[in-house]
Amino acid sequence: QVQLVESGGGLVQAGGSLRLSCTASGRTFSSYVLGWFRQSPGKEREFVAAISWTSGTTSYGSSARGRFTISRDSAKNTVYLQMNSLKPEDTALYYCAARLIITPTYGDWGQGTQVTVSS
């Protein structure tokens, strides 16, 4: 059973930075992709970024590209999302998710951490 626990959310002013963490357990993640998604009230869930656990290959959604950086620390089983130049529209509940490399669907999700960006 994969467990994903997010942390690092909070309230920040526009232009500020936050680093989210996702600690993963319950599996050996060498065959996994770990990703970040976000959802705000009334909007669909949005892909933010993902990283292949073994190769470190990354991908980003259009809203994150150039401002956010995803990384992982294999020794700590933790994935990070460094968010810079935050905007009020980045306000959302941010979720960590995991999928096997061979599947397109994220099957394991954390509970989420709230990010609020004030103008």
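**A tour from Met83 to the surface at Ile101**

Begin by selecting Met83, which is buried, its relative accessible area being 0%. The model on display is a predicted one. Met83 belongs to strand β8, which covers residues 78–83. Now show the residues around Met83: beyond its neighbours within four places in sequence, it is in contact with Gly16, Ser17, Leu18, Leu20, Arg67, Phe68, Tyr94 and Val115. Next, draw a distance from the C-alpha atom of Met83 to that of Glu6; these atoms are 14 Å apart, while the two residues stand 77 residues apart along the chain.

Glu6 leads to the second stop, Thr113, since Glu6 is among the contacts of Thr113. Select Thr113 in strand β11, which comprises residues 113–118. Is Thr113 buried or exposed? Thr113 counts as buried, because its relative accessibility is 10%, below the 20% limit for that class. Apart from neighbours within four places in sequence, its contacts are Glu6, Ser7, Gly8, Gly9, Leu20, Ala92, Leu93 and Tyr94. Display the side chain of Thr113 together with the backbone of Gly9: a polar atom of that side chain lies 3.1 Å from the backbone nitrogen of Gly9. Leu20 and Tyr94, listed here for Thr113, also appear among the contacts of Met83.

For the last stop, move to Ile101, in the loop that links β9 (92–100) and β10 (108–109). Ile101 is partly exposed, at 43% relative accessible area. Add Leu100 and Ile102 to the selection and switch to a surface view: with Ile101 they make up a nonpolar surface patch, whose accessible area is about 300 Å² together.

Conventions
Residues numbered from 1 in each chain as written. Predicted model: local features only at pLDDT ≥ 70, side-chain atom pairs only at ≥ 80, totals over all residues. Heavy atoms only, no water. Patch = residues over 30% accessible without salt bridge, like charges linked within 9 Å, V, L, I, M, F, W, Y side chains within 5 Å. Areas by Shrake-Rupley, 256 points an atom, 1.4 Å probe, with all protein chains shown as cover. Salt bridge = Lys/Arg side-chain N within 4 Å of Asp/Glu carboxyl O. Helix = DSSP H or I, 4+ residues; strand = E, 2+ residues; numbered from the N terminus. Buried < 20%, exposed > 50% of the residue type's maximum accessible area, 1.4 Å probe, protein only. Polar contact = N/O pair within 3.5 Å; in protein donor to acceptor, adjacent residues only side chain to side chain. Contact = heavy atoms within 4.5 Å.
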